[in-house]
Amino acid sequence: MTILDKIIERKKLEIATAKSRISLDQLKNTDFFGRKTYSLKESIKNKSGIIAEFKRQSPSKGIINNNVEPLEVVSAYESFGASGISILTDHEFFGGNLNDILSVRNDIKIPILRKDFMIDEYQFYEAKSIGADVILLIASCLSPAQVEEFTALAHELKMEVLLEIHTEDELKHFNSKIDLVGINNRNLKDFKVDLQHSVQLKNLLPKEVLSVAESGIYNIEDFQFLKEKGFDGFLMGEYFMKNTNPAQAFKDFSVQI
């Protein structure tokens, strides 16, 4: 069983528990459910392109940074030009929770991506209720039919969709309704990073599709390489979060691009 298999099995249990605690009607009656969402597509076009991530830990790296609070980090990301914010809400494997988005939503005026393993309709209503603007769909967790169904649901809820792919076979998950396509430089099965593989995959996408390079961007040279190869967005978390002061790390990086 791969780490991804373990995550999905755990996620099914978490969703069942959440459903027993909070109904869909309760989610629809939350303060944020009716708010107007921000567009990540537009923000990427008009700003740095960086989707800066708040992430405490990961299965491949263990604890990255458990000593900072979401608001102090993501508000600085916004101040220094991030196009969007990515926040991990998976607890078991990434140390996140729903409150990490809830606690910053009123203070952040750029799009927030709920980064999690989305496998059930309930999670989309949950995401809307906590103030997310964008949903991550991971192709390796879903069928093409599920991607299409979940994309329609996200749009019905006025949220955008970032589809994450890693292999040529996963291109079949793409459909014309997808807002952005993220190409994960890191293989979720063995966690190896290959930037050149991502470039090759990007070149197989329709040219009009906004593309996001995800994970494994370790320095300004990686960023510049991917930008030169035509990527529009860059999802970066560990590079900033591994520092004692992630906000300063982002500021230092942003002046180089």
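Buried, in these legends, means under 20% relative accessible area, with exposed over 50% and partly exposed in between (1.4 Å probe, protein chains only). This is a predicted model, where local features need pLDDT of at least 70, side-chain atom pairs count only at pLDDT 80 or more, and totals for chains, interfaces and linings use all residues. Residues are numbered from 1 along each chain as its sequence is written, and side-chain values use heavy atoms, leaving out hydrogens and water.

**View 1. Phe-240 meets Phe-253 edge-to-face.** Rings of Phe, Tyr and Trp (its six-membered ring) pair if their centres lie within 6.5 Å; planes under 30 degrees apart are stacked, over 60 edge-to-face, and the rest tilted. Here the centres sit 5.7 Å apart, with 75 degrees between the planes. Phe-240 is buried, at a relative accessible area of 0%, and Phe-253 counts as buried too, at 1%.

**View 2. A cluster of rings.** Ring pairs join Tyr-77, Phe-223, Phe-234, Tyr-239, Phe-240, Phe-250 and Phe-253. The structure as a whole holds 11 aromatic pairs.

**View 3. Lys-11 and Asp-90 share a salt bridge.** That term means a side-chain nitrogen of Lys or Arg within 4 Å of a carboxyl oxygen of Asp or Glu. The closest N and O atoms of Lys-11 and Asp-90 are 2.6 Å apart. Lys-11 is buried, with 3% relative accessible area, and Asp-90 is buried with 0%.

**View 4. Arg-105 reaches Asp-133.** Their side chains form a salt bridge at 2.6 Å, N to O. Arg-105 and Asp-133 are both buried.
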